[in-house]
Amino acid sequence: MGVFDVGEATPWGKVLYSLMRIDASYPNSTSITEEEVALLLLIAVLVLTVSWLCMKSVVRILSGSFGSVIPLAVIVGAASVGFELVNNRLGAYNLSIPRLNAVPEVDGSNATPELFLKTYKGQAVVAHNVLSEEELKLWTPANLAVAFKGNTAAMQMGNVEQGKADYGVFPLHEFYENIENEKWVSEHSSNGSPPYLAEENNILRQGDPAYMEHISDIFERTLVRRNDSRFHFTDTWIWAGPKGSKTGLHMDWDPTNLLHQLYGKKTIWLFHPSDTKYCYPSEKYDLGATIAEVDPFNPDLSKYPEYSKAAAYKVDLVPGDVIQVPAGWMHYVSCETTACISLSGRSFDFGQTITSLPGIAGAVLHRFGLYGGGSTSGYLETSVLKRVSNVSWYRAGEEYN
């Protein structure tokens with residue numbers, strides 16, 4: 001996909017630049033793709049069409065003819081959705097942040113949602129000390145083992161984004177009790193990877209209610225204020241794994257995506273959007289994400305030579321840190337030195353929710369095998385996993401059909 005440099009002072013560049021509504025604090029250089037240029041031109045045509053129909057309808061209404069009012073309303077509604085799409089793709093998703101030497105770091109001890117949603121909108125940023133030592137105690141493996149005793153969860157073993165992954169169902173109390181037990185981890189590993197509770201959200205609602213209450217308190221400081229009357233769809237996912245757990249290279253399209261580090265150390269590498277082409281985006285299906293072909297943990301430069309041109313921002317997270325992972329930024333993650341537990345918080349406003357509906361429809365079709373090619377097997381229903389050739393399904397270490 002080609003890229004146009006909007007920073008060049010061409011007339012069309014200035015027009016497109018203004019339509020993108022890029023933050024005034026970053027006026028010097030940015031880029032947009034051919035896809036986005038085409039989208040802007042489509043919106044321009046739509047605006048002209050709606051304007052013409054409006055004038056025509058006004059004339060008819062004044063002359064006593066109301067036949068065009070209903071189709072006009074439909075077209076205006078479609079135009080509104082189109083404008084929301086542009087706002088999401090080129091505004092809230094703000095892929096136009098200039099390349100910096102490092103990801104900015106700020107003190108988050110008095111963080112509010114405005115820090116991420118306004119001050120650093122669409123940017124990678126790390127806020128330190130967002131969570132206190134006292135509240136982090138709730139998220140230790142020992143406390144989680146007690147709080148979720150009696151619950152089980154499916155866990156992945158392997159780099160599901162670029163390689164092979166097996167899945168296993170484990171009792172959560174056993175998992176948390178042994179998350180730092182090297183012998184147990186080794187015995188339950190597969191594909192050279194330990195059991196990893198990756199991007200699971202339903203389980204959080206099945207344990208001690210204190211955890212969902214605390215998540216609400218955290219999001220009050222990072223995502224959405226409780227007294228915000230505007231529509232927001234907000235949800236959370238937990239990530240927990242022994243040393244060696246990892247997530248492969250991909251980019252997410254969530255307009256607001258915050259990773260809260262709760263226990264242990266986690267490393268995340270991020271790539272500026274201008275480096276996406278060097279990461280070899282693939283057609284492998286994953287709801288709300290774009291997967292890379294190249295394995296960042298073992299890159300084959302003979303097959304993917306351009307990957308050597310991609311410059312990663314490396315960020316080491318410690319408990320209490322929160323990092324904003326911007327939409328459209330390739331990234332991968334590893335618990336390199338310790339077991340680690342993290343919490344993702346994602347939020348969509350009304351317009352962003354509406355423009356996510358095609359993706360949701362695609363996910364439904366994908367479940368029935370009608371859409372998308374390969375899969376990251378993010379859906380943990382047994383019937384879905386059986387359709388995926390590179391995944392075996394295990395329960396307590398024993399394969400079943």
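A residue is counted as buried when its relative accessible area is under 20% and as exposed when that area is over 50%. In the predicted model analysed here, this criterion separates two sides of helix α9, which comprises residues 209–222. Tyr 211, His 214, Ile 215, Ile 218, Phe 219 and Thr 222 of α9 are buried. These residues cover an arc of only 140° around the axis, which places them on the same side of α9. Pro 209 and Glu 213, by contrast, are exposed on the other side of the helix. An α-helix has 3.6 residues a turn, so residues three or four places apart point the same way. The length of α9 was also examined: at 1.5 Å a residue, its 14 residues should span 20 Å, and the end C-alpha atoms are 20 Å apart, which agrees.

Aromatic contacts were considered next. Twelve aromatic pairs are found in a search of the whole structure. In one of them, the ring centres of Trp 139 and Tyr 211 are 4.9 Å apart and the planes stand at 85°; because planes over 60 degrees apart count as edge-to-face, the pair is assigned to that class. Trp 139 is located in the loop between α5 (133–136) and α6 (141–147), whereas Tyr 211 belongs to α9, so the pair ties together parts that are 72 residues apart in sequence. Both Trp 139 and Tyr 211 are buried.

A second pair is formed by Phe 271 and Tyr 307, whose ring centres are 6.1 Å apart and whose planes are at 55°, so this pair is tilted. Phe 271 is part of strand β11 (residues 266–271), while Tyr 307 lies in the loop between β12 (289–291) and β13 (312–317); the pair therefore ties together parts 36 residues apart in sequence. Phe 271 has a relative accessible area of 2% and is buried, and Tyr 307, with a value of 10%, is buried as well. Phe 271 and Tyr 307 also belong to a cluster that ring pairs build together with Trp 269, Phe 297 and Tyr 332.

Charged side chains lie over aromatic rings at two further sites, described here. The charged end of Arg 346 sits over the ring of Trp 237, at 4.6 Å from the ring centre. Lys 277 lies over the face of Tyr 278, with a distance of 4.8 Å to the ring centre.

The strand pairings provide a further view of the fold. Strand β3 (residues 105–107) runs parallel to strand β4 (residues 125–128), and three bridges join the two; Asp 107 stands opposite His 128 in β4. Between these strands the chain passes through helix α4 (residues 113–119), and the resulting β-α-β crossover is right-handed. Strand β4 is also joined by three bridges to strand β14 (residues 322–324), in an antiparallel arrangement, with Ala 127 opposite Val 322 in β14.

Strand β14 is in turn paired with strand β10, again through three bridges and in antiparallel orientation. The bridge partner of His 260 in β14 is Val 322, the residue that also stands opposite Ala 127. Seven bridges join β10 to strand β16 (residues 340–349), and these strands run antiparallel; here Thr 256 stands opposite Ser 347 in β16. Seven of the eight residues of β10 (residues 256–263) are buried, so the strand is largely enclosed by the rest of the structure.

Technical notes:
Residues numbered from 1 in each chain as written. Predicted model: local features only at pLDDT ≥ 70, side-chain atom pairs only at ≥ 80, totals over all residues. Heavy atoms only, no water. Phe/Tyr/Trp six-rings, centres within 6.5 Å; stacked < 30°, edge-to-face > 60°. Helix = DSSP H or I, 4+ residues; strand = E, 2+ residues; numbered from the N terminus. Buried < 20%, exposed > 50% of the residue type's maximum accessible area, 1.4 Å probe, protein only. Lys NZ or Arg CZ within 6 Å of the ring centre and 35° of its normal. Pairing = 2+ DSSP bridges. Right-handed = clockwise from strand over helix to strand, strands pointing away. Expected span 1.5 Å × (residues − 1). Arc of directions from axis to C-beta.
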